Amino acid sequence: MEKWDGNEGTSAFHLPEWMIQFADQKQEFNKRPTKIGRRSLSRSISQSSTDSYSSAASYTDSSDDETSPRDKQQKNSKGSSDFCVKNIKQAEFGRREIEIAEQEMPALMALRKRAQGEKPLAGAKIVGCTHITAQTAVLMETLGALGAQCRWAACNIYSTLNEVAAALAESGFPVFAWKGESEDDFWWCIDRCVNVEGWQPNMILDDGGDLTHWIYKKYPNMFKKIKGIVEESVTGVHRLYQLSKAGKLCVPAMNVNDSVTKQKFDNLYCCRESILDGLKRTTDMMFGGKQVVVCGYGEVGKGCCAALKAMGSIVYVTEIDPICALQACMDGFRLVKLNEVIRQVDIVITCTGNKNVVTREHLDRMKNSCIVCNMGHSNTEIDVASLRTPELTWERVRSQVDHVIWPDGKRIILLAEGRLLNLSCSTVPTFVLSITATTQALALIELYNAPEGRYKQDVYLLPKKMDEYVASLHLPTFDAHLTELTDEQAKYLGLNKNGPFKPNYYRY
């Protein structure tokens, strides 16, 4: 141990020689090796794209991983084989997860009680394509309790909880989904939901627009009996508006994504919590002091930025919309172009719903060990295809985590192969999903029961009154007490005492 030396009333501490050398060489941490051998863990490009790994939260039996569910002959306890899941034996575990989710989804449980006698979805045949999680299972079973028949596929190849899919199949729901599907499996599952003898869907619940696209492409005549489409993602809604503009939308559609209860709660509050969960589970990283660039400052971007800022990260934002850009600036974030910060940031997060936001040029310029991930619905935001080239080595580190290694040894950490981070690598808060699922259920009820002519072949927002109803169903959880207008106050504001309380153009 070095000694303190007194010198005219002052003290000095002499650093050991090894510490001085370490300080001089600290920049070496960011330098990368000049050569790298092919490690034993490295996987070929083709392997990396098809390997499937169960999540830490899954009860998947690894001994079954090599066998495709499409090649298995499975039946539930009632003798039905109208499903395709990873392992029907996991149903008991899945049922427990569904029961836990029910406790945090009060509005759906309230809907079941209120509509038990009415059965507002009696006769409805709903084909769905969403994330298959415990929360979705509560929605599906609620739709069933309201009188609907359902067939379901997954909208993401990594987000399915295998045990939940098994529990649904055991309960008699035709479910076609498992974690780690290939692209071919993905479309096969959708087709199995739609193309079945003696069953014609009359409602669509979609997340991302893939199911709607498949029916338009393969079975356009089905739209003659379909009453409406409910879509809950930015990507899917964009596709619907394109169809409407081109005059090709042949049924009414409900844009749930832009309803207040979806956008403000699922997109903002859900992502504010789940971005940290997804990054922690996959990388074990510490956020304090990290430099992060978030591409897009919509509701998802706002949630991600708020969470990372609160954890002490230095956050940059990229944006194309001057209004969202000004919001980012007023919230204390530095607005930049991606090219300006790409060499220095530790994490890149996309939240735009666009394509090729992060290009191969950006990926080439990233620093060693930069983490790259996507919080948008589709896997189009990061140009992952450009990384599947012979000069780059892919190394699977853990479930949904790949190192992509350049010839000079530089590597980036790619999460979920550029797919939706929170649902691929972690979970999302059940209570927020209760809000979204209730909105979806009410949209289905509205479109299914609407009299002829109320909705034309166009895209509609959920009526404001329904948004308020969804919110009111969740307030008792917080022991919250709403103030009621007096007759005089209602007259002064020009409102009905029972709402709606805001005009459609109001920005919450």
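Me: Is Lys119 buried, partly exposed or exposed?
Reply: In this predicted model, Lys119 lies in the loop between α4 (106-114) and β4 (125-130). Its relative accessibility is 36%. Partly exposed covers the range between under 20% and over 50%, so at 36% Lys119 counts as partly exposed.

Me: What is the phi of Lys119?
Reply: Lys119 is not a glycine. Its phi is nevertheless positive, at about 50°.

Me: Where does Ser369 lie, and is Ser369 buried, partly exposed or exposed?
Reply: Ser369 has a positive phi, near 70°, and is a residue other than glycine. Its place is in the loop between α14 (360-365) and β14 (370-374). Because its relative accessibility is 37%, Ser369 counts as partly exposed.

Me: Which peptide bond is cis, with omega near 0°?
Reply: The bond in question leads into Pro500, which is found in the segment after α18 (487-493). With omega near 0°, the cis peptide bond is the one from Gly499 to Pro500.

Me: Why does Cys425 form no bond with the closest cysteine sulfur?
Reply: A disulfide needs two cysteine sulfur atoms within 2.5 Å. For Cys425 the closest cysteine sulfur is in Cys373, and that sulfur is too far for a bond because the distance is 8.5 Å.

Me: How many disulfides does the rule give?
Reply: The rule asks for a pair of cysteine sulfur atoms within 2.5 Å. The sulfur of Cys425 is 8.5 Å from the closest one, in Cys373. By this rule the count of disulfides is zero.

Me: Is Cys324 buried or exposed, and is Cys425 buried or exposed?
Reply: The cut-off for a buried residue is under 20% relative accessible area. Cys324 has 16% relative accessibility, so Cys324 counts as buried. Cys425 has 11%, so Cys425 also counts as buried.

Me: Which residues are closest to the centre of the second largest pocket?
Reply: The second largest pocket holds about 900 Å³ of space. Its lining is made of 29 residues, and the closest to the centre are Glu468, Ala471, Ser472, Leu475 and Leu482.

Me: Which helices each supply at least two residues of the lining of the second largest pocket?
Reply: Such a contribution is at least two residues from each element. The helices are α10 (260-283), α16 (430-449) and α17 (464-474).

Me: How many residues of the lining of the second largest pocket are charged?
Reply: The lining of this pocket includes 16 nonpolar residues. Five residues of the lining are polar. The number of charged residues is eight.

Note on methods. Residues are numbered from 1 along each chain as its sequence is written. This is a predicted model: local features need pLDDT of at least 70, side-chain atom pairs count only at pLDDT 80 or more; totals for chains, interfaces and linings use all residues. Side-chain values use heavy atoms; hydrogens and water are left out. Buried means under 20% relative accessible area, exposed over 50%, partly exposed in between (1.4 Å probe, protein chains only). Helices (H or I, at least four residues) and strands (E, at least two) are DSSP runs, numbered from the N terminus. On a 1 Å grid over the protein atoms alone, a cavity is a set of points where a 1.4 Å probe fits but cannot get out, and a pocket is an open set with protein on both sides within 12 Å along at least five of seven lines; lining residues have an atom within 4 Å of a point. Grid points are joined across faces, edges and corners, and a volume is the space filled by probe spheres set on the points. Ala, Val, Leu, Ile, Met, Phe, Trp, Tyr, Cys and Pro count as nonpolar, Asp, Glu, Lys and Arg as charged, and the others, Gly among them, as polar.
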